[in-house]
Structures are given as structure tokens and as C-alpha cells.
Amino acid sequence: MTAETLPARLLPASAPDALPPYRDLIDLDGWSPRDLSALIARAAWFREALGDPKRRFETLRGQTMVTLFYENSTRTRVSFERAGRLLGADVFSVAAASSSVTKGESLRDTIETLQALGATIIVVRSSQSGAPDVIARHLRGAVLNAGDGWRGHPTQALLDLFTIMRRLGPLAGRKAVILGDILHSRVARSNLWSLTAMGAEVVLCAPPTLMAPDVVAAYTTRPVPGTGATRRITVEPRIEAALAGADVVMALRLQKERQQAGLLPSIREYSQRWGLTPERLALANPGALVMHPGPMNEGVEIAPEVAHSEAAVIEEQVTNGVATRMAALEMIARARAWA
């Protein structure tokens, strides 16, 4: 299967009515395999439809979407803004550094101000876990989580799932390795919900100081909604053992402040012991995918020759982000009877 070939099973007839009935997108812990499959199918439809530059969508016509980012972002913010515009919304961006937040304005006051100015959709990124929940309690419109603290990054996990299924098909029986700073990664946490719900075995590999000690129990005690299946998650600190037989390897960005916090002896030692190199990737299954949520520290968590190899689907993840976020926005619009 080539990168440009979409399996027929991911291409239903245009079926937005099959989307999950979620009015907001906070995280994926309650999503069933059916929910995930429906969203991914719709993202696949949008991915194909975007190949026609004359195609126009009116799903969010009359809606005002605000991207409220308390943290810097390029990929997530731009792809959300492009997705909103493609669906016909009026889109505005608010950066906390240039807003009244710098004067002490609370999150609630900010949301009430934006709502008074006509915002019906708020896409938020915050360093505070739970910020999207707070917004959902005070906003009459919809909220989509673009990353909150260490808790979750659901649209990243959805676009990752889309990218994997677009290349590999069903995930039952597949092995996915998440490699790097598990402790501080909201990307890893949301991916654990989605990948295990779709039947993948997930192996977490990290230095002991960057491994969340209770992460396995936190997920495996929550059966998959809709099926009751047990989630398959294991921890393997030895990178060679973790990568053996992998179908997907997702490297996480190592934030250099972790060394300053005393969690790592040195960046160099981390790269030597846990960096994804061509030699280590060779232990994975033939055709294994290499992923990264970005931005990358090439030469730290991932070698440049791996990041730019044929196995890497990192640029494809970015491209798929627009279609996936269009599907997520359409989902909340239908649930709220805007579409």
C-alpha cells in the first residue's frame, strides 16, 4: 500500500451523520472503536475532497471560531485555523502573551469576553490540565482541546490514528512503541486511549525518571468503551527489546529543561541510550512507520537519517492534521445542529 492509497474501508460514502455525537472534544477516554472509526473515515473523506481546490464546505458558515493559545504552537494552531476556514467559519487567533491575560484576566473572564464578542467555538491550548473542562462549563458554544498540560491532546492522537490506519489498515494485533518522555507527554496519554481502543498493543519505553509510574494501571483498569476489551499496555525500558517486532514507532520530543530539572544526566546520554537510530529501527518489523508529533530535536530523540527516511510519515501527519480537525469540527457542529 502506498502513501497515496486509501483503503476502501476508510472511504464510506460522505457520511457525516455517522460521526460520534460529541458536542465538545476534551479527550478520547470515552471513545469507542466505532466512534474512532467513524471520525477517521470522515477525515479520510476530507483528505480526498481537499484534492479538489474548487471544493467548498459550508458546515461552519455563520460560526466564529477562536484559537486561544496560552502556549506557542505552529502545527496545531495553523491546521485548526485552516480547517475552520475551509469549513466556512470566521476564524480569529488570540495569543495569551498579547491579550488581557497579561493583566491578570482569568480564564473564565476571557471566555465570557470572547463569547460576548460572538465566539461559538473555542480551540484552546493551555499548560493547565483541565482548562478545556473549565471553558466547557462557561461557554454556550463548543470547546476543542488543542493540548492541556500533561493530560491530553486528542486531535493529535486522532491524526496519528488516521495516519497509521491509512498506511497499515486495522490495528488489531499491531504493536506500537511510544518512545521518550512519557511522564510529561499529553500526546502519549491521548494516543494510549485511541491506539488501545483500536486493538493495538502499546509498549512504552523511557528512562525510569521519565516514565509515569502509574500509567499502565490508569489505562488498563478502564476497559474499552463499547466492547469491554482490556487495553494492552506494557513498559519496557530497554529500547532494543521495545522496538523488536514494532509496526509503529512514535518518538516524543525531549524537552531540554528535563535535564535542568535533574531528570536526566545529560542530553548526550539520553540520545545514546534512548535515541531512535537506523540500527535500532532495524529491529522493528519491515515497513514499520516512524512518527513524531513535532517539533523534533534531531540528533536527540531521533537521528536525522531516521527522521527523513522512507519509514518516516512525519510530514504526512501534519498534512493529515487538517483533514482530521475538519472532521472533528464537523462532529461538534452536527452534534449542536449547526450543520
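This text walks through the predicted model, from its confidence to its sheet and its cores. Residues are numbered from 1 along each chain as its sequence is written. Local features need pLDDT of at least 70, side-chain atom pairs count only at pLDDT 80 or more, totals for chains, interfaces and linings use all residues, and side-chain values use heavy atoms, with hydrogens and water left out.

The chain has an average pLDDT of 91 (the predictor's confidence in each residue, from 0 to 100). Over residues 1-13 the pLDDT is below 50. Where pLDDT is low, the predicted coordinates should not be read in detail.

Now the sheet. Four strands (DSSP runs of E, at least two residues, numbered from the N terminus) form an open sheet in the order 2-1-3-4. Their pairing is parallel; two strands pair if DSSP finds at least two bridges between them. Strand 2 (90-95) and strand 4 (142-148) each have a single partner strand, so one side of each lacks a neighbour in the sheet. Strand 3 (residues 121-126) pairs with strand 4 over five bridges. Here Ile 122 stands opposite Val 143.

Next come the cores. A nonpolar core is a set of buried (under 20% relative accessible area, 1.4 Å probe, protein chains only) Ala, Val, Leu, Ile, Met, Phe, Trp, Tyr and Cys residues joined through side-chain atoms within 4.5 Å. The largest has 97 residues. Leu 144, Leu 204 and Leu 276 touch the most other members. Helix 13 (residues 314-335) gives the most to this core, with ten residues. Another core lies apart from it, with twelve residues, including Ile 111 and Val 143.

Definitions and conventions
Contact = heavy atoms within 4.5 Å. Buried < 20%, exposed > 50% of the residue type's maximum accessible area, 1.4 Å probe, protein only.
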